[in-house]
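Morning, everyone. I have one structure to walk you through today. Let's put it on the screen.

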Amino acid sequence: MSLFKISISLSLNSLSVSISTLKFCFFILTNFDFYWLTTHGKDGNTKNVLNMLSQYVPNHIAKQLLAVKPTIWNSLKTEAIDFKSDFYWVDDCVFNAERQILYNNNCINKLILVDLNNPEELIHVIEKLKEQD
């Protein structure tokens with residue numbers, strides 16, 4: 001698979017440890033240039049994100065997550081996205097203003113919305129990303 005930048009924002013409170021979560025983490029970490037796009041790390045500091053995730057994932061996955069790059073943004077997550085790059089944005093909650101910015105930059109197709117109430121949702125994301133290659 002080609003290496004893409006992927007920014008991810010998932011509600012850490014609803015991200016439970018499941019086989020699909022672990023498969024998703026492994027897939028993303030081995031196939032993508034991975035950036036955090038979450039309110040827990042919007043200041044460019046990934047420490048809070050990693051501390052929260054370490055409660056949900058095994059230690060070996062938590063250690064691999066140290067490789068995920070930070071982002072910096074203020075009001076909208078789209079502030080951290082380079083629209084000229086090849087990217088995917090995986091998120092469970094996107095503001096209308098952010099959708100409009102994606103649309104204005106011809107990048108709305110790069111948004112992958114997820115429903116974390118579906119235990120197999122992240123497996124579907126893996127399949128979708130594999131199809132994009």
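Start with a piece of the fold. Strand β3, helix α4 (residues 96-104) and strand β4 form a β-α-β unit, and that unit is right-handed. Keep in mind that this is a predicted model.

How do the two strands of that unit run? β3 and β4 run parallel. There are 3 bridges joining them, and β4 covers residues 111-113. One facing pair to look at: W89 stands opposite L111 in β4.

Now stay on β3. It covers residues 87-91, and 5 of those 5 residues are buried, so the strand is largely enclosed by the rest of the structure. Look at which way the residues point. F87, W89 and D91 go to one side. Y88 and V90 go to the other. Both groups are buried.

Between α4 and β4 there is a loop, and N106 is in that loop. Its phi is near 55°, which is positive, and N106 is not a glycine. Is N106 buried or exposed? Exposed: N106 has a relative accessible area of 67%, and the cut-off for exposed is over 50%.

Let's step back to the whole chain. How many helices and strands does the protein chain have? There are 5 helices and 4 strands. In sequence order, the pattern reads β-α-β-α-α-β-α-β-α. The protein chain has 133 residues, and 44% of them are buried.

Two helices next. Helix α1 is made of residues 19-31, which is 13 residues. At 1.5 Å a residue it should span 18 Å, and its end C-alpha atoms are 18 Å apart, so the two agree. Among the residues of α1, the buried ones are S20, T21, F24, C25, F27, I28 and N31.

L22 is also in α1. This one is partly exposed, at 23% relative accessible area. L22 and P58 are 36 residues apart in sequence, yet their C-alpha atoms are 8.7 Å apart in space.

Helix α5 has 12 residues, 121-132. From first C-alpha to last it reaches 17 Å, close to the 16 Å expected at 1.5 Å a residue. Its buried residues are E121, L122, I123, V125, I126 and L129.

One general point helps when you read lists like these. An α-helix has 3.6 residues a turn, so residues three or four places apart point the same way. Try that on the two lists I just gave you.

Now the core. In soluble globular proteins, nonpolar side chains tend to be buried together. Here the largest nonpolar core has 25 residues. Which of them touch the most other members? They are F24, I28, W36, L65, I112, V125 and L129. Several elements give two or more residues to this core: α1, β2 (32-36), α2 (47-53), α3 (59-64), β3 and α5. The biggest contributor is α5, with 5 residues.

On to the rings. How many aromatic pairs does the structure hold? It holds 3. Take F83 and F87: their ring centres are 6.2 Å apart and their planes sit at 70°, so this pair is edge-to-face. The cut-off for that label is over 60 degrees. The two partners differ in exposure. F83 is partly exposed, with 21% relative accessible area. F87 is buried, at 1%.

Two lysines also meet rings. The charged end of K42 sits over the ring of W73, 4.9 Å from the ring's centre. K110 lies over the face of Y88, and there the distance to the ring centre is 4.6 Å.

Last stop: the loop between β2 and α2. Two glycines to point out here. G41 is in this loop, and G44 is too. Buried or exposed? G41 is buried, with a relative accessible area of 3%. G44 is partly exposed, at 25%.

Each glycine has a partner from further along the sequence. G41 and I72 are 31 residues apart along the chain, but 7.7 Å separates their C-alpha atoms. G44 and W73 are 29 residues apart in sequence and 8.2 Å apart in space, C-alpha to C-alpha. And W73 is the ring that the charged end of K42 sits over.

That's my tour. Questions, please.

Notes: Residues are numbered from 1 along each chain as its sequence is written. This is a predicted model: local features need pLDDT of at least 70, side-chain atom pairs count only at pLDDT 80 or more; totals for chains, interfaces and linings use all residues. Side-chain values use heavy atoms; hydrogens and water are left out. Rings of Phe, Tyr and Trp (its six-membered ring) pair if their centres lie within 6.5 Å; planes under 30 degrees apart count as stacked, over 60 as edge-to-face and the rest as tilted. Buried means under 20% relative accessible area, exposed over 50%, partly exposed in between (1.4 Å probe, protein chains only). A charge sits over a ring if NZ of Lys or CZ of Arg is within 6 Å of the ring centre and within 35 degrees of the ring normal. Two strands pair if DSSP finds at least two bridges between them. A crossover is right-handed if, with the strands pointing away from the viewer, the path from the first strand over the helix to the second runs clockwise. The expected span of a helix is 1.5 Å times one less than its number of residues. A nonpolar core is a set of buried Ala, Val, Leu, Ile, Met, Phe, Trp, Tyr and Cys residues joined through side-chain atoms within 4.5 Å.
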